[in-house]
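Reader: I am in my first year, and I would like a close look at one part of this protein, namely its salt bridges. Please go slowly, and explain each term when you first use it.

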Amino acid sequence: MKQLALPLIAGLLYCQNVLAEQKLHVDIPSQPLATALEQFEQQTGVQILYAADAMSGKTSPQLAGQYTAQQALKILLDKSGLAYRFTDDHTVAVKRVEPAGVNNVADDKKNAVHKLDTIVVTATKTERPISEVPATTAVIDEKQIANMYSRDTSDVLTRAAGVDIARSGTSGIATLNIRGTGSRRSSVLVNGQYAEFLDTGIGNRNTLQTVDWDDVERIEVVRGAGSALYGPNAMGGMVNVITKEAPKEKNVTRPFFVFDSLPTYGGGASTGGTLDDFSYQLNVKHLSSDGYKSTPNPAFFPGSTGTVSHSLQNGGWDKTMLGGRLGYRLSEQSKLKFAFNYMDESDLAFDRVNTPQNGQYGQYSLEFKHDFSDRLDVTTTVSHRSHVADLTFDNYFYPSTITNITPSTTLFEDAQKLTGEMRARWMPAQGHTLLFGYNAAQDWTKVRNITTLTGVETDRRNAEIQNHGLYLQYELEFSKKLFVSMGGRYDWFNYDVNANIATPNTQRLSKTTFETFNPRGGIRYKFNDDISVHGSIGTGFRAPEPSAVVGGVNSAFVELQPNAGLKPETSDSYDLGIDFDTPFGLHAAATGFFNDISDYILSSRTRVGNKTILQSQNLAKVHTYGVELELTQQITDHFSLFTNYTHTIARTAAPLLPTASGLPQEGYQLPNVPEHKAAFGLLFDSSRISGRLEGRYASRRFISGDSRNQDAFALSSYVVADINATYRHPIGNKKTLDLTAGINNILDRQYESRGQGVYNEPRIGFIKLGLEF
């Protein structure tokens, strides 16, 4: 590893600043500025990022001749009240600036760098600069994702403030937890569409784990209740995975090969481009691995004396992933987009050779957008999600020591989700935006448990769930200082669940309906370009799981009882924050939050003889509150630092039912919520070299089954760190050879990631070789 570390350190010290000054032929007639910028993209290959409303009512001058990209942009944006900034060699951000900043030509570039920021869509479903969004929002961009060595897309979120990713196994299910609200209480979106199943019993893969991380353009994280726009489960917040658009060039192709020390090996390629009105981006990847290291001396829970034994072989896995986008411009006003991602996976779940799982997961969406004018557009989207998987369990969880483990049960999951949405954005006057839409979704889920050796079906559940939502949002921009958003969504649900339990031989049916309305309001006030404050208030909800309503499998050891009286969880959420920039390159943000959750659902445990009785119950009240601090410091043009810290209290806030044993008692921390979490990093970026030295810290947490936060149920705190660097070597016109190398978990820290004695992976060295042409 020393031989690998030396070139990494040397690479971080290397600096070369290359600014494209090549003159290009540009021929753009006078026309609406938004259309002119699109033609500029097609003719130069430079991507332009801007907020749609910033272009409203603006016209570009005629431009024809040989210009550098900077010269052309300066002419196109002259007298528009807009400024530009190159975020890299091929990307430009355009944003409104104060008139004084535009008129001073000598300081134009300096002011543009200071004022421009990222465009986001998730918080309001309209394109807004992040500094004008009345919500707590963060973006993980393509460059950050490329500089991480990830096993799935959920890994990308491990360093985000206010977000915690926990795993039920080192290669198992990842759970998303925002602001301590708990698993399944934050929404996962793919390209703006809610992508999860309302039947959370479909659970061997989280949506985040089924999207190829190399196909992700950016991930937008909005912390705070979002049911007013996105409906179910958005109590803690939303994570929107936005996949890559086609490049503006005629073709860009990137093959790659990767190898790590587990070992894992594989490769893939992406290709994309724009040909007149047609654009395409396609990705393929295949990875094989001998798997993560096995757990030594696994216990029933941390600190317990009872252990089980199983094969110490590593759990191998294979993944094949496909993804992409196709686009076609029907006219100057109409565009059609098709996006898809697909994963075929087989592995040994939870690192045990007798627990194989196989699955095919896909997400597909078709979007049509028509611009009636600069002030009115309508978007229609149809999306489909497919999840077909089987997971074979051994008897690892049975309360006895077992030396010869054989598979006992196979869980089959078959789920399909069809969603349609129509929304309209109307700007009746400058600074006023009205968004209204209708969303409909239909879930079909089938779950079967089969005894592996005999083929006897012990449990079967079919569920059909319909969800309809109507939403309305009004946005106000006043004097480029005050930004207000307010709105709400009305949802209604129809549940039709049919479960058959073989032992005893029973059929459990549930046909229920419920309705809910969730409002939200947010405000941001900019004292100047350096300081702003924001606050929001909203409500959220989470529908009961069909499996919790009708119960499940019974055996000699465990009985999962139904609870037809479960009520939806509801929440009231509040946050207040401040953002400010300093003249010496420091950006700081601080946000305080509070969530009041009613009818919180967790599974209780009682003992009847030798049998454990499980039942989901409403816990009356849960409070989560805390603070999020984020700092970024630009040290030089190439070096920067970041750090964030999250303090989260998530406690039961009311007495429990007498039968609810094994749940946190009043005043105790909920399972899998670390009270303290931090991330930190040193970043380097130039045209040739980029690199990261970063890490994360999580304080101890408790696992399920703990009623009073006992030490025996505590997972120890940990600190882990990673390092990597990429060298881009030019080999011709717009061609590069990319070499990435690094080490994950450089401290070789062994730590438990969630419970049941499951450990994260050890130190891993990796090399990735790529080509771009």
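Author: Counting every case in which a side-chain nitrogen of Lys or Arg is within 4 Å of a carboxyl oxygen of Asp or Glu, one arrives at 43 salt bridges. The model is a predicted one, in which local features need pLDDT of at least 70 and side-chain atom pairs count only at pLDDT 80 or more, while totals for chains, interfaces and linings use all residues. Residues are numbered from 1 along each chain as its sequence is written, and side-chain values use heavy atoms, with hydrogens and water left out.

Side chains of opposite charge can pair when their charged atoms come close. One such pair is Arg 329 with Glu 38, whose closest N and O atoms are 3.5 Å apart. Because Arg 329 belongs to strand β20 (residues 315–329) and Glu 38 to helix α2 (residues 33–44), this salt bridge ties together parts that are 291 residues apart in sequence. Helices (H or I, at least four residues) and strands (E, at least two) are DSSP runs, numbered from the N terminus. Arg 329 is buried at 14% relative accessibility, and Glu 38 is buried as well, at 18%; buried means under 20% relative accessible area, exposed means over 50%, and partly exposed lies in between (1.4 Å probe, protein chains only).

A second pair is formed by Glu 142 and Lys 244, with 3.4 Å from N to O. Here Glu 142 sits in helix α6 (residues 142–146) and Lys 244 in the loop between β16 (237–243) and β17 (252–260), so the salt bridge ties together parts that are 102 residues apart in sequence. The two partners are not covered alike, for Glu 142 is partly exposed at 36% relative accessible area, whereas Lys 244 counts as buried at 16%.

In a third case, Glu 545 and Arg 542 meet through their side chains at 2.5 Å, N to O, and both of these residues are buried. Salt bridges can also be joined to one another, as in the network that links Arg 179, Arg 223, Asp 575, Glu 628 and Glu 630.

An acidic residue can be followed through other kinds of contact too, and Asp 260 of strand β17 serves as an illustration. Asp 260 is buried, with a relative accessible area of 0%, and its side chain makes a polar contact of 2.7 Å with the side chain of Tyr 149. Such a contact is a pair of N or O atoms within 3.5 Å; within protein, one must be able to donate a hydrogen and the other to accept it, and residues adjacent in sequence count only if both atoms are side-chain atoms. The side chain of Asp 260 also reaches the backbone nitrogen of Leu 262, at 3.0 Å. Beyond its neighbours within four places in sequence, Asp 260 is in contact (heavy atoms within 4.5 Å) with Tyr 149, Arg 151, Ile 764, Gly 765 and Phe 766.

Finally, these details belong to a protein chain with 8 helices and 43 strands, in which 55% of the 773 residues count as buried. Of the contacts between residues at least 6 apart in sequence, 65% join residues at least 24 apart.
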